[in-house]
Amino acid sequence: MLIPVVGLGMDSAMDDISLIQQRHHLVVRELGGEIDLEIGPGDDDPTFAHTPLINVPPQESSADDHDENKNMAAVSQLPNDDQELLKSIPVKRKKKVVKRWREEWADTYKWAYVDMKEGTTRIFCSICREYGRKHRRNPYGNEGSRNMQMSALEEHNNSLLHKEALRLQLASKDKIITDKPIYVKALMSKSSGSIVEAALKRDPNELEFIQSVQEVIHSLERVISKNSGYVNTMERLLEPERTIIFRVPWVDDRGEMHVNRGFRVQFNQTLGPCRGGLRFHPLMNLSIAKFLGFQQTLRTALSPYRLGGASGGSDFDPKGKSDNEIMHFCQSYMDELYRYISPDKDLPSEEMGVGTREMGFLYGQYRRLAGHSQGSFTGPRLNWSGSSLRTEATGYGLVFFAQLMLADMNKELKGLRCVVSGSGKIAMHVLEKLIAYGALPITVSDSKGYLVDEDGFDFMKLSFLRDIKAQHRTLRDYSKTYARAKYYDEAKPWNERCDVAFPCASQNEIDHSDAISLVNLGCRILVEGSNMPCTSEALDVLKGANVLIAPSIAAGTGGVVAGELELKEYNLNWAPEDFESKLQEAMKQTYQRALKAAAEFGYQKESPEALIHGSVISAFLTIATSMSEQGCV
């Protein structure tokens, strides 16, 4: 049995019981986890690697720790014979004990940590700091099948106690508790590391935002080393121009009142008015809003248009809500947001949880409050939209981008096995265009698992999938009609053999083990459809295996292009062929800009880092030039 020592942190406990050991560039775990940035010497200063960025006071010992120490001290004071007698008495062990975790299950337990409780090693929830039957049932128990463990995890996450703890944690300023100093990775120079240091000190609890910052700084290392003045520019860029957080009260169909939190982060308007989506999801928070706004700022800067970037949304969950409830929420949300948006300031668009229905309700309330109709929202099939292909643009653009990458390899999409995650608008249109080009898309996924059809989807099957989603049914129903299809619960599609992967679900959906599976199963190109779909560890694995990666800020510019076309030329009736031609040309320009910037800073076209670094470099230099011209604003 482990001897508890006052002051030991989470990592120490995990090391002592030989649990999973992971070293990360930036360990971004679920809420309650820790950020671990730690590596050797920097390029500029050999002492830099050992300089703590954030000094965190040691954790105070708990009452349980004191009691445990007292008991141990009391035993140590007994005579030797009595001590031997006590040791010989068998200690009763509870049937349910914490066994050694299997290495391949690492991702399952990112929401947990190990600690001592009353002399027994326990697995605690990282959010509510409780364990075992403190929840609706003990989800930890003995090792069972993976499905059993994942089922227990799902029940844990759905428990009322856990949800309440999560809500309180999101509202707390002290979201993360670390027990030791945080260090910067060795791959960064001191000048580059100082940017991450400043971001960590200012926003230590914003995990997604910090992760995106580190990835961008990593891409800009060579740029910053050539011009140290960009350090100040980057520090200014990382602070959003305007952050709006507001209350959204609404009434459900039973007459009960609810309140959610609304966000809008207008990240940067140096190049022009903001563009960016609205996300309605129960896990939406300020960190995600900032990270999405930051990504959108880079994406619009890389596009052919001069635009700024923004993002926002709410922790409201539209699933299971009636049209009337969603209308009430959207109207309440717009009651506050309308003050900060207009055609020359900020134009909201669709994102996760926000579709045609939500955009219609939002725009209707905006028009009512603003007193005019200027077509300031971008949404499909609405009378203020011009292009009929607005929703298709992002998904089609991803496939066009993949075509450009394959063309440089003297290959084409026809006949290639493609794995797609997600089953929303983007994923469905990726499937549609892959089928049109003769590829073999075999998967889609949802929050419960993924569906695989070894025969591949065709247009008839795609139509059936859309009917399933429109009727709010589960993807499992597909396998009842097509016998060769299988639906896997609580799993991701990255265990399927493929040539090209299109992650289109959410951020950090591909972790270290998923990346290893993709490499081992033949994946050679990954096109990011969602924002930051790969963890830092996953990116390292993919780059090490020479998997070509198309970053979302480049591959996802199709939505920006379509939005501008419909706003600037809304009076024109685009034929699908004309629209696709313009979209393909815009994607080609974006692709060439990224490769040109990469080449200028020494990244070869064949390098798996070329598109990642080139996209960030091109976008940043465009923004930095305008910021320099406009002065300190």
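Reader: Which residue in β13 stands opposite V420?

Author: V420 stands opposite F502 in β13. The model is a predicted one, in which local features need pLDDT of at least 70, side-chain atom pairs count only at pLDDT 80 or more, and totals for chains, interfaces and linings use all residues. Residues are numbered from 1 along each chain as its sequence is written, and side-chain values use heavy atoms, with hydrogens and water left out.

Reader: How do you know that strands β8 and β13 pair?

Author: Two strands pair if DSSP finds at least two bridges between them. Strand β8 (residues 417-420) is joined to strand β13 (residues 500-502) by three bridges, so the criterion of at least two is met. The two strands run parallel. Strands here are DSSP runs (E, at least two residues), helices likewise (H or I, at least four), both numbered from the N terminus.

Reader: What makes β9 and β15 the edges of the sheet?

Author: The sheet is open, has five strands in the order β9-β8-β13-β14-β15, and shows parallel pairing. β9 (440-441) and β15 (548-550) each have a single partner strand, so one side of each is left without a neighbour in the sheet.

Reader: What makes strand β5 largely enclosed by the rest of the structure?

Author: Buried means under 20% relative accessible area, exposed over 50%, and partly exposed in between (1.4 Å probe, protein chains only). In strand β5 (residues 274-280), seven of the seven residues are buried, so the strand is largely enclosed. Strand β7 (residues 346-350) is mostly covered, with five of its five residues buried. β5 and β7 run parallel and are joined by five bridges, with L278 opposite E350 in β7. On β6 (residues 308-314), β5 likewise has a parallel partner, over five bridges, and G308 in β6 is the bridge partner of C274.

Reader: Why is G272 called buried?

Author: The relative accessibility of G272 is 15%, so this residue counts as buried. G272 is placed in the loop between β4 (257-268) and β5. Contact means heavy atoms within 4.5 Å, and G272 touches R306, L307 and G308, leaving aside residues up to four places away in sequence. G272 and G308 are 36 residues apart along the chain, while 5.1 Å separates their C-alpha atoms.

Reader: Why are N410 and H472 called exposed?

Author: N410 has a relative accessible area of 76% and is therefore exposed; H472, with 70%, is exposed as well. N410 lies in the loop between α13 (392-407) and β8, and H472 in the loop between α15 (459-470) and α16 (476-481). N410 has a positive phi of about 60° although it is not a glycine. Phi of H472 is near 60°, also a positive value in a residue other than glycine.

Reader: Why are α21 and α22 described as roughly perpendicular or roughly parallel to each other?

Author: Axes are lines fitted to C-alpha atoms, for helices over the stretch in contact, and angles run from 0 to 180 degrees between N-to-C directions. Angles under 35 degrees count as roughly parallel, over 145 as roughly antiparallel, 65 to 115 as roughly perpendicular and the rest as oblique. Helix α21 (residues 576-600) and helix α22 (residues 610-630) pack at about 95°, their axes 7 Å apart; they are therefore roughly perpendicular. Among the residues making the contact are Y591 and L595 of α21 and L611 and I617 of α22. F579, also in helix α21, is buried, with a relative accessible area of 3%.

Reader: What makes α7 roughly parallel to α10?

Author: The axes of helix α7 (residues 207-219) and helix α10 (residues 286-302) come within 6 Å and cross at roughly 30°, which makes the helices roughly parallel. The residues of this contact divide into eight nonpolar, three polar and two charged. In that division Ala, Val, Leu, Ile, Met, Phe, Trp, Tyr, Cys and Pro count as nonpolar, Asp, Glu, Lys and Arg as charged, and the others, Gly among them, as polar.

Reader: Which residues of the largest nonpolar core touch the most other members?

Author: A nonpolar core is a set of buried Ala, Val, Leu, Ile, Met, Phe, Trp, Tyr and Cys residues joined through side-chain atoms within 4.5 Å. In the largest such core, of 95 residues, M234, F294 and F502 touch the most other members. Apart from this core lies another, of 21 residues, including W494 and V547.
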